[in-house]
Amino acid sequence: DILCCAVHPEGHTVATGEVGRKPKVSIWDSNTGSTLAVCASFHTRGVNLLQFSSSGKFLISVGMDDDHSVAVYDGSEGNLVASNKGSRAKTLDLATFGDDKFCTSSKKEMKFWTLNATKGELQSKKGLFGKKAKNTICVSAAYLGPDAVIGQADGTMYLWKGRSVATIRREHKKAVN
């Protein structure tokens with residue numbers, strides 16, 4: 001069973017992640033349906049999030065293991081570039097900025113990731129909510145230029161500068177998906 005999919009920025013390549021003991025991440029051509037690559041098996045139980053980097057050079061995946069591990073693959077050949085533990089809380093969304101930065105959102109936690117593909121390193125730092133921002137369930141993530149915008153379960157949206165909340169908006173009565 002396929003749990004998630006991501007479309008390459010150019011629009012003709014798609015990646016899908018599946019459920020299972022050793023789930024596959026497949027990269028395929030949407031015009032022909034032919035498989036272009038199968039990513040090295042890294043996750044266990046399933047892959048619940050996929051996202052191509054801004055240029056499509058990399059493909060990021062989040063698994064369903066206890067640590068919701070994060071893997072970064074070469075976006076065309078499927079080779080594993082870097083990996084690391086994610087969050088003990090279920091990761092709910094993933095957003096990318098450029099080829100070397102992305103964020104993950106989960107219950108009561110934001111993580112900001114940096115990839116050093118040359119060294120095969122993937123590092124994360126927790127987001128800093130500060131005194132005014134309530135740390136609720138971070139259900140959605142997107143980037144506006146270099147700044148992340150996170151939708152909360154309580155209807156608020158947080159604009160992040162770096163890894164700190166800079167602006168809080170209460171625009172909705174229910175979750176910002």
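**Close-up 1. Asp67 in the loop between strand S6 (58-63) and strand S7 (70-74).** In this predicted model, Asp67 lies in the loop that runs between these two strands, and with a relative accessibility of 18% the residue counts as buried. When its neighbours within four places in sequence are left aside, Asp67 is in contact with Lys85, Gly86, Ser87 and Arg88.

**Close-up 2. The largest nonpolar core and its contributing strands.** This core holds 14 residues, and those that touch the most other members are Cys103, Met110, Phe112, Phe129, Ala148, Ile150 and Trp160. Two or more core residues are given by each of strand S11 (109-116), strand S13 (138-144), strand S14 (147-152) and strand S15 (156-161), and S13 provides the largest share, which is three residues.

**Close-up 3. The surroundings of Phe129.** Phe129, one of the core residues that touch the most other members, is in contact with Met110, Lys134, Asn135, Cys138, Tyr158, Trp160 and Val165 once residues up to four places away in sequence are not counted. Among these contacts, Met110 and Trp160 are likewise listed with the core members that touch the most others.

**Close-up 4. Cys4 and Cys5, with no disulfide between them.** A disulfide requires a pair of cysteine sulfur atoms within 2.5 Å, and by this rule the model has zero disulfides. Cys4 is in no disulfide, and the nearest cysteine sulfur, which belongs to Cys5, is 7.3 Å away. For Cys5, the closest cysteine sulfur is that of Cys4, and because the separation of 7.3 Å is too far for a bond, the two sulfurs are not joined. Cys4 is buried, with a relative accessible area of 10%, whereas Cys5, at 53% relative accessibility, counts as exposed.

Technical notes
Residues numbered from 1 in each chain as written. Predicted model: local features only at pLDDT ≥ 70, side-chain atom pairs only at ≥ 80, totals over all residues. Heavy atoms only, no water. Buried < 20%, exposed > 50% of the residue type's maximum accessible area, 1.4 Å probe, protein only. Helix = DSSP H or I, 4+ residues; strand = E, 2+ residues; numbered from the N terminus. Contact = heavy atoms within 4.5 Å. Core = buried A, V, L, I, M, F, W, Y, C linked by side-chain atoms within 4.5 Å.
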